[in-house]
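These are my notebook entries on a set of local features that I looked up one after another. The structure comes first, and the entries follow.

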Amino acid sequence: MSHILSDGAGGPPACPLSCLFYHTFPPEKTQNRVSIMQTVFSPIQVGSLPLKNRIARSATHDNMGGSRGQITPAEAALYDTLARGDVGLLFSAHAYVMEAGKASPTQNGLDTDANLPILGRIAQSVHKQGAKMVMQLNHAGAKAVASAPLGPDGMTAQDLDALRRAFTAAALRI
């Protein structure tokens, strides 16, 4: 199916998700295909968030971040491609809120304002396509790659307070 997902030269998808759906569920195998397509591509309201359709890109670790937590142009292009390809809701790759909570060397960071300019460009690009985006904030806890990761057994009241402040600051930053 890779020919469906690529233009053959490593570029963006050759067709939108509706085309992929067609190849996955061809008419001869799905009697109710039109009804399914109408539902999948119909708008929906999730709480106060209106979405153009019911297709979401799950939160992930895409392994595309820079070594200092920077969001790369390749990652920005990925979000643009997903939004142009009919994804209505995009969850970002997870982003650490403090360096001590970094899950991998290529994880994005929101512990500083450094990523705000590229995040602004990503938001504009995604919104231009009628899609929405949600940032996933995290701390890897005992699984962090830091020399002294915070884990459930080693967290003091001060550690918990610092972690709460870091999540708050990252959420307010975006």
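**Entry 1. A buried lysine**

I looked up Lys102 in this predicted model and found it buried, yet without a salt bridge. The nearest side chain of opposite charge belongs to Glu99, and I read the separation as 4.3 Å. A salt bridge requires the nitrogen and the carboxyl oxygen to be within 4 Å, so I did not count this pair.

What does the side chain of Lys102 reach? I found the backbone oxygen of Ser67 at 2.8 Å.

I then placed Lys102 in the chain: it lies in the loop between strand S5 (95-96) and strand S6 (108-109). I listed its contacts, leaving aside neighbours within four places in sequence. The list holds Ser67, Arg68 and Gly69, then Tyr96 and Gln107, and finally Ala140, Ala144, Val145 and Ala146. Ser67 thus appears both as a contact of Lys102 and as the owner of the backbone oxygen that the lysine side chain reaches.

**Entry 2. Salt bridges**

I counted the salt bridges under the rule and obtained five. I recorded three pairs in detail, beginning with Asp113 and Arg173, whose closest N and O atoms are 2.8 Å apart. Asp113 sits in the loop between S6 and H5, whereas Arg173 belongs to helix H6, so this pair ties together parts that are 60 residues apart in sequence. I checked the accessibility of both partners: Asp113 is partly exposed at 48% relative accessibility, and Arg173 is partly exposed at 23%.

I turned next to Asp161, which forms a salt bridge with Arg164 at 2.6 Å, N to O. These two residues are three apart in helix H6, which means that about one helical turn separates them. Asp161 also meets Arg165 in a salt bridge, at 2.2 Å from N to O. Arg165 and Asp161 are four residues apart in helix H6, again about one turn. Through shared partners, the salt bridges join Asp161, Arg164 and Arg165 into one network.

I noted the relative accessibility of the members of this network:

- Asp161 is partly exposed, at 30%.
- Arg164 is partly exposed, at 49%.
- Arg165 is partly exposed, at 45%.

**Entry 3. Helix H6**

I checked the length of helix H6 (residues 157-173) against its residue count. At 1.5 Å a residue, its 17 residues should span 24 Å, and I found the end C-alpha atoms 24 Å apart, so the two agree.

Which residues of H6 are buried? I found Asp159, Leu163, Ala166 and Ala170. They cover an arc of only 60 degrees around the axis, and therefore lie on the same side of H6. I looked for what they pack against and found strand S8 (137-138). On the face of H6 turned away from its buried side, I noted the exposed residues Ala157, Gln158 and Leu172.

**Entry 4. Helix H4**

I repeated the length check on H4. Its twelve residues should span 16 Å at 1.5 Å a residue, and the end C-alpha atoms are 16 Å apart, which agrees.

I listed the buried residues of H4 as Glu75, Ala76, Tyr79, Thr81 and Ala83. Among the elements that cover them I found the strands S3, S4 and S6, together with helix H5 (116-128) and strand S7 (132-134).

**Entry 5. Positive phi angles**

I looked up backbone angles with a general expectation in mind: most residues other than glycine have a negative phi.

Where does Asp86 take its positive phi? I found it just after H4, with a value of about 80 degrees. Asp86 belongs to the loop between H4 and strand S4 (89-91).

I entered Asn63 as a further case, with a phi near 60 degrees, positive although the residue is not glycine. Asn63 lies in the loop between strand S3 (56-57) and helix H4 (73-84). Is Asn63 buried or exposed? I recorded 51% relative accessibility, so Asn63 counts as exposed. The cut-off for that class is over 50%.

Terms used:
Residues are numbered from 1 along each chain as its sequence is written. This is a predicted model: local features need pLDDT of at least 70, side-chain atom pairs count only at pLDDT 80 or more; totals for chains, interfaces and linings use all residues. Side-chain values use heavy atoms; hydrogens and water are left out. Buried means under 20% relative accessible area, exposed over 50%, partly exposed in between (1.4 Å probe, protein chains only). Lys and Arg count as positive and Asp and Glu as negative; His and the chain ends are not counted. A polar contact is a pair of N or O atoms within 3.5 Å; within protein, one must be able to donate a hydrogen and the other to accept it, and residues adjacent in sequence count only if both atoms are side-chain atoms. Contact means heavy atoms within 4.5 Å. The expected span of a helix is 1.5 Å times one less than its number of residues. The arc is that of the directions from the helix axis to the C-beta atoms.
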